[in-house]
Amino acid sequence: MFMNSNLFEPGKSKSERTFVQSAVKQNIRFDGRKSNEFRDVKLTFGADWGTVALSMGDTKVLAQVSCDIGTPSSARGNEGTLHLNVDIKGVAFLDEVQATHDQRQLTLNSLLERTFRSSRCLDLESLCIATEQHVWCVRVDINVLNHDGNLYDASTIAALAALMHFRRPDVSFIEDEIRTYSERERELMPLLFLHYPVSVTYCVYKSSTQPLVDPTLLEENAADSIIVLSFNSYQELCTLNAGGTAPTNVRTIMQCAHGAARRSKALVQFIRKALELDAERREQPMQVFGLMDLLNETAPKLSFKYLMEEEAEVDHTPDRARVIEQKSDVEPMQLEEPVPQAQMQTPKKILAETTEDDIAWLPQEQPVDEATPTAAKPGKAKPNRAKNKGGKKQQSQTTKKQNDSDSEEEVTQIL
Amino acid sequence: MSKKAATNAAKDKLREMQCKFNPLSRSDGSVMYSQGATVVIAAVLGPIEVKTQNLSIEGSYLECNYRPKAGLPQVKERIREAAIRDVLELALLSEAYPRSKMSLQVQELEDRGSTDACALNSACLALLIGGLPLKYSFAAVHCIINEQGEFVLDPELNETLRQQASFTFAFDSVDGNLLLVQTKGAFKIAQFNDIECICRAASAQIFDFYRSNLAKYHGRSAENDSSSTDLPMET
């Protein structure tokens, strides 16, 4: 009469697994994305400080930061504490399935712990009120509302956004007495960060060399192994979690790392932008805002694609201008203030160089081409697939390109 | 002057209600419901397999959880849960599915006053959209008596800070019977009767809201369904 509890999740049955595996082999994803394409991330900030609702496709999480004054641990008497907690029991109906032995909550909690606590992203010393007596205890609660894969990324992004959004009241400690100031007396204080980590998840399948980024629940459950990488905005690795049964070569992991580093940087930029827009909105008087924006269709949506597209446009225009400037001696556009712009450009150039240096240790991402799987197994490839869309032409082009990039590994991989 | 008139007018009106059906993909029915700035999500699953310890041959077992957005559920949340469960046990036609479980989860998204009423209303909408058997639908209304002795219907959070008494009533849709009464604070019986009348009148407005939104959802989803069934066929 009832649904078999193990089949309640997509991707757990054998037929679903083989379906996903064969789709991956053909470089096709169920939702039409490319293997390195992410779902759009949307943030909604609540009326209270530190409340963030995040949606990533159908995956939805709610993060809430709260704080109170407590006693520090004896080992670190001059530091506040950060506690992270993920809750998957509520409306997501996940515990319905594998009652007690569910590893999901444990893995999620430990990943968050490593990403935020072990990497020491918060300046905990700034949360100290009186050494070995009173410190701020910051608590992050993440409620999973809906699970459609990639809870890791959703929860780390939501947690980071909530921590960055959060404001704590100011306190003073005079003559053994703590005084907490209300919002009216003193302005609330944001938390201090040392760096901003976010994670990026990849799924690896035995049938394909190309890992899938940002998997859905179906893809995640059918995956042979899952790689989670946390990078901060300086493109430093904070967490690496690789498990599962698929043998993964170093190159794949490095390729994932390269993509993840860039993605993390963009994500942190996106969160910063969203926070700015939220702050602007809060300054407007008599404006109603909060999580009811989720219901309101006309409310401004803080989505990654929308905000970062703008960013890309802004970034490209000065680049183009610079190129034109370099090519022709005569300035094509009469700029109003040429001197400050030149000054502006020089630091930017340096910045660009340094960022390139930052990721110099990472190999260039392999160009994603539809023809790779057909090239890998020429005997099994369907001939009609190669014929239409000029597959052969593409194939020869890509192999040429890869030869040009003088990497031996790439060549061997194709053979 | 006009501002004062506006606030006076707001005191005997419900805040604006909004809802969105099935925002969650994993439940049988879910709804995101807001009343003013208070937002909750309710989701139902059922009838599903039940653990042997909860199994009942008389009717289905009802699981009801309310989750706060910060921290673990405390006594306050348990009380709220108990109130929701009491009303649901009256309204659910549990005899229809013996040896099974109905699960209702309510997640608070933002608490800005009258959360009890909001949670109950969202629970009712979730049950309706999830297609669980009900004897009748129900609506809950929250009302307070403020310091000046005025009645404030569906108050904001800052209005509830200084209150003489607070009331939550739930009514059924068929006979208009009282399903739940929660009171706090000191009041006269005449005031209680007055507030009951005010809340009863307001509940009619909520039932209208249910009706119009469900009609709209099903009307629209009929078109959407035909297009969405085509999609899997293509792939």
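Author: Let's start with the rule: two strands pair if DSSP finds at least two bridges between them. This is a predicted model, and in it A:Val61 has A:Val144 of β6(A) as its bridge partner.

Reader: What makes β3(A) and strand β6 (residues 134-146) of chain A a pair?

Author: The pair rule asks for at least two bridges, and 11 bridges join β3(A) to β6(A). That meets the rule, so the two strands are paired. Their sense is antiparallel.

Reader: How do you know that β2(A) belongs with β3(A) too?

Author: Same reasoning. Strand β2 (residues 51-56) of chain A is joined to β3(A) by six bridges, and at least two are needed, so this counts as a pair. These strands run antiparallel as well, with A:Ala53 standing opposite A:Leu62 in β3(A). Two residues lie between the strands of this hairpin, where A:Gly57 takes a positive phi near 65 degrees.

Reader: Why is strand β3 (residues 59-70) of chain A called mostly covered?

Author: A residue is buried if 20 or more other C-beta atoms lie within 10 Å of its own. In β3(A), nine of the 12 residues pass that test, which is why the strand is called mostly covered.

Reader: What does A:Ala158 touch, and what makes each of those a contact?

Author: Leaving out residues up to four places away in sequence, A:Ala158 touches A:Val52, A:Leu54, A:Val61, A:Ala63 and A:Ile142. They count as contacts because the C-beta atoms, placed from the backbone, lie within 7 Å.

Reader: Why is the set of 143 residues called a nonpolar core?

Author: Membership takes a buried residue of the right type, joined to others through C-beta atoms within 7 Å. The largest such core has 143 residues, and A:Leu54, A:Ala158, A:Ala159, B:Ala42 and B:Ala123 are those with the most contacts inside it. Leu and Ala are both on the list of types, so these five fit the name. The largest share, 11 residues, comes from helix α3 (residues 115-130) of chain B.

Reader: Back to chain A: which strands of the sheet β12-β11-β13-β14 are edge strands, and what makes them so?

Author: The four strands form an open sheet in the order β12-β11-β13-β14, with antiparallel pairing. The edges are β12 (212-213) and β14 (237-244) of chain A, each pairing on one side only. Inside the sheet, β11 (residues 197-204) and β13 (residues 225-232) of chain A share eight bridges in the antiparallel sense, A:Tyr202 having A:Ile227 of β13(A) as its partner.

Reader: Which helices lie across those strands?

Author: Helix α2 (residues 104-118) of chain A lies across β11, β13 and β14 of chain A, at about 160 degrees to β14(A). Helix α3 (residues 151-165) of chain A lies across β11 and β13, at about 175 degrees to β11(A). Angles run from 0 to 180 degrees between N-to-C directions, so about 175 degrees means that α3(A) and β11(A) point in nearly opposite directions.

Reader: What makes the sheet of β1-β2-β3-β5-β4 in chain B open, and how is it paired?

Author: Those five strands form an open sheet with mixed pairing. Its edge strands, β1 and β4 of chain B, each pair on one side only. The twist averages 15 degrees from one strand to the next. Eight bridges link β3(B) and β5(B) in the antiparallel sense, and at least two are required, so they pair. One bridge there matches B:Ile41 with B:Gln107 in β5(B). Helix α2 (residues 75-91) of chain B packs on this sheet, touching β4 and β5 of chain B.

Reader: How many residues does each chain put into the contact between A and B?

Author: Chain B gives 25 residues and chain A gives 27. On the chain B side, the elements giving two or more residues are β1 (17-21), β2 (29-35), β3 (38-48), β4 (61-67) and β5 (101-110). The largest share, five residues, comes from β3(B). By class, that side has 10 nonpolar, nine polar and six charged residues.

Reader: Where does the name "domain: Exoribonuclease phosphorolytic" come from?

Author: From UniProt, in unreviewed entries: residues 14-133 of chain B, and residues 37-169 and 195-258 of chain A. Such annotations may be inferred rather than shown by experiment. In the model, residues 14-133 of chain B are 28% helix and 33% strand.

Methods
Residues numbered from 1 in each chain as written. Chains lettered and ligands numbered in written order. Predicted model: local features only at pLDDT ≥ 70, side-chain atom pairs only at ≥ 80, totals over all residues. Contact = placed C-beta atoms within 7 Å. Nonpolar A, V, L, I, M, F, W, Y, C, P; charged D, E, K, R; others polar.
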